Amino acid sequence: MSIRTSGKLSAGYDGASGKNKAFFGTNNPALIINKIKLDGAQDLQLTFGAQYSKTIDYDAGLYDNEFKPEKFHLALSADGTSWTTVEYTYAQADEFWVFATSKFKLKNKAAYLYVKYAVDEASVFAIDDVTLAEGEGGTEVDLGEGGEEPEPTPGEAITVNELYRLAETVTGKDKLVIDAENNRTLEAVVVTDVDGGNVSANNLMVMTEGATQAKNGILLFSSGQYTNPKDPAFPFKSGDKVRFTLVKGLAKVANFSNCYEVTCESSDAATWLTAEVIGKAQLTPVPLTSIDNLIDYQGMLVTVKNVTSPATAGNWAVGTTTFKVGSSDLTVYVTQDAAGFAGKQYAASKTGDLTGYVSLYKGAVQLCPRNMTDAAAFAEGGTDPEPADPAHIVLDFSVGASIFTPALPDKEAQSKTGSYLFDGNYAFNISASNIFYWFQNPYEDSPGYGTKSLFIGKAGSYIELPAIADKALTKVIISAAKGAGAYSIAITDAAGTPVQGGQAQEVTKQEGGEYTYTLSNTANATAYRIAVTTAGNAQLAKIELFYGEGGGSTPVQPTLSVNPTSLSFAAKDQAKTIACTVANADGYTVGASSSDPANFAASAAGTTVTVTPTENTGSARNATVTVYLTNDGGATKVAAKTVAVTQAAAGGSEPAGDTYDKITKVAELVNGMTGFIGCEPGGTYGLQLVTGFAAYGQGFTAAYTYDETKKTLSLTSGNYTAIEFTFEAVADGFNIKQGDKYLIGTGIIDNGKPKQGLVLADAPAQPWTFTEDASGVIATTSASGTVDGQAFNYPAIYMMCANSASSRFLRPYVQASYGKGFCFFKKN
């Protein structure tokens, strides 16, 4: 279940709120409303809006919006355990929504009523505006005696370590019931510090009192006041000793990418445990001189010795920051809305001890200081950033939501209006006709500007810029966010009229695209606006503002060009250089950074950037080198340019490995096999192997020749080499991995609207299942969610070879008839 504000919202009936809806997603979704107090009422009426929407043919714009009552069920209970199905009637409210009513009379009085909605088909139903009221009665419903459910009684003790080791036995997405017959009692110390604010919703960290050994911490994961530090009713402080009662049959353990959890099904969130504070404990962090086994201390409070901060001072509350312990990276996480870290910085290149609790995100371990006391060794000697130059203000949204004070809302807390300060001096006011929030695109993982942005939509929305005494706005540069749809931006006065030179320009999703507005006849000390002028949602990765004297002069802007704009390396190759040409750059130096410094080291000397590859012993690989100008050691980057870097696979122009078996049958797919995905579209194209994926969700390919006798592959033409994939068996099919990424089917934005796409993501999604045709195997998955604020729902995405195309032969389709099967070359 999820709450959504996208798609067709409720409408057409009295009381339709039209603001959000409860969406029934995957994995047998159900919505249970718990413990509605009845105060003796027996004649009742339950009403709600409901919606069914299923994509038939996305490309043709065909959808099935006819409500399916046979797949949508309503049940009642007096105790949350025994359920009775009840009937309801419905009437069409508009093209997309129905309004449903159930009238009933309880045979026996009940203290509470529980309501459950369940569906037989995933990712197609939604409801809204559920209302229970006294009515005239209707069908008699026998829910039993309906007495108030007693509080669970404590049971046999269980320790944190026992729960940890039980969770270690869980595989995949399974959840294991802790005890089906008896309640269990857990006594533990709360590690989570709600006052410091570095907490995550539905995450409560607890550990064994006085523990000094690993595997004595664990995460309690669920919504509800006992496990959600962001719930206003959350009752615990760090150091509280708490007795938890884990309810029989409901409390479970899970292993989520090696994060061990005590949890429950979402429908049991209100009843699976109770808790009471039984005292206070002294929380003593476990000292660690090595982080090699840091993952084993998850949920525990530790102090890591001899940690070194980054070379440049920075804000704590930006999400993840990479510190060092010796030569090893230590990921430090402080959430952007952590109140205890607001406005605080860590010192540059300082070594000291860092305390925090250990957590995991998508399998990656991280250290989370609870408060500034935990991070005290890095506070002293820190330097505040220099105030922004009032002649040149740079808003780089890759910094995170904390670029402003207060921080920008995230997607969950999206807003319509807000007033903010930048650098403590410059006032920005944001007004959105729809919504705005700080946004990180999960489907775009390339480096540089563009993956993190200010999302604001749509026409009529604006950002009011600072009015600076004795200076006038003379130039604005907008940097586009990668992956965004097209939209138009103008620079206007307070009345919405474009100023001279500020006429609307269309901004596209081209990575690194810059749009310059050179203004004239603007006035001193006057606030102008960046205005959205079309229906598209704007995503602004970076904004540069220039102010001049008397409204006429424009500060001279540094410029940078690079040659070449791309580099190609053999599997074993020497370093290559990039020549930089700079202008108007007094006080600036050239800098460079690599997206993959371990394999492509980048360094700058004068106006030359050197890129040095390591020898490639595997499949082809890609990276980018960002070249920029800076006047503060790299903290601020201007005039940045991106250089694409590729390196051939081991063995020159042939994929790594010796021989390959061609797989075209489902029965031949096995766990752990590694190799290449191939398409045979016919015509003159021959065999095509996948070399990468486009931003618009299709697979790039290159021509290869397969010698069926020798079972060898060789590149026919071109410079792009195939990339290796590995099949990973899971409960319901296969994950397909490419390096440390997962090939998934999902929703992407193309030309401003959602579309099915193939993406290399950080985490797996729904598994792939396989069928076959005469050409090879067909991979199928499903996906639903939102992208760029727009909903998508694909009950089936078919990964297939294109029947008719001239490039990008591996494609996602919503109908199996649109393509044909592909083959896989399994490395022997």
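**A buried threonine, two nonpolar cores and a single helix**

In the predicted model, T192 is found in the loop that joins β16 to β17. With a relative accessibility of 3%, T192 falls under the 20% limit and therefore counts as buried. A polar atom of the T192 side chain lies 2.9 Å from the backbone nitrogen of M205. When neighbours within four places in sequence are left aside, the residues in contact with T192 are V199, N203, L204 and M205, together with P229, K237 and S238.

M205, the residue whose backbone nitrogen is placed beside the T192 side chain in this way, is also a member of a nonpolar core of 38 residues, which includes V286, L294 and L330 as well. The largest nonpolar core of the model comprises 40 residues, and within it L408 and I463 touch the most other members. The element that gives the most to this largest core is strand β33, spanning residues 426–440, with six residues. For L408, not counting residues up to four places away in sequence, the residues touched are F397, A401, I403, Y420, I430, F436, W438 and L454. The core of 38 residues that contains M205 lies apart from this largest one.

Helix α1 covers residues 160–168, and its buried residues include V160, L163, Y164 and A167. Viewed down the axis of α1, the buried residues fall within an arc of 105 degrees, so they line one face of the helix. This arrangement can be set beside the general geometry of such elements: an α-helix has 3.6 residues a turn, so residues three or four places apart point the same way. The cover over the buried residues of α1 includes the strands β16 (184–190), β17 (203–207) and β18 (217–221), and also β19 (240–246), β20 (252–256) and β21 (259–263). Of these strands, β16 and β17 are the two that flank the loop holding T192.

At the level of the whole chain, one helix is accompanied by 64 strands. The radius of gyration is 29 Å, close to the 28 Å that the globule rule gives for 828 residues, so the chain is as compact as a globular protein of that length. Taken along the principal axes, the C-alpha atoms fill a box of roughly 85 × 75 × 60 Å. Among contacts in the chain with a separation of 6 or more, 68% are accounted for by residues 24 or more positions apart. Of the 828 residues, 49% count as buried, while the chain exposes about 35,500 Å², of which carbon and sulfur atoms supply 47%.

Key. Residues are numbered from 1 along each chain as its sequence is written. This is a predicted model: local features need pLDDT of at least 70, side-chain atom pairs count only at pLDDT 80 or more; totals for chains, interfaces and linings use all residues. Side-chain values use heavy atoms; hydrogens and water are left out. A nonpolar core is a set of buried Ala, Val, Leu, Ile, Met, Phe, Trp, Tyr and Cys residues joined through side-chain atoms within 4.5 Å. Buried means under 20% relative accessible area, exposed over 50%, partly exposed in between (1.4 Å probe, protein chains only). Helices (H or I, at least four residues) and strands (E, at least two) are DSSP runs, numbered from the N terminus. Contact means heavy atoms within 4.5 Å. The arc is that of the directions from the helix axis to the C-beta atoms. The radius of gyration is taken over C-alpha atoms; the globule rule is 2.2 Å times the number of residues to the power 0.38. Accessible areas come from the Shrake-Rupley method with a 1.4 Å probe; for residues, only the protein chains shown count as cover. A polar contact is a pair of N or O atoms within 3.5 Å; within protein, one must be able to donate a hydrogen and the other to accept it, and residues adjacent in sequence count only if both atoms are side-chain atoms.
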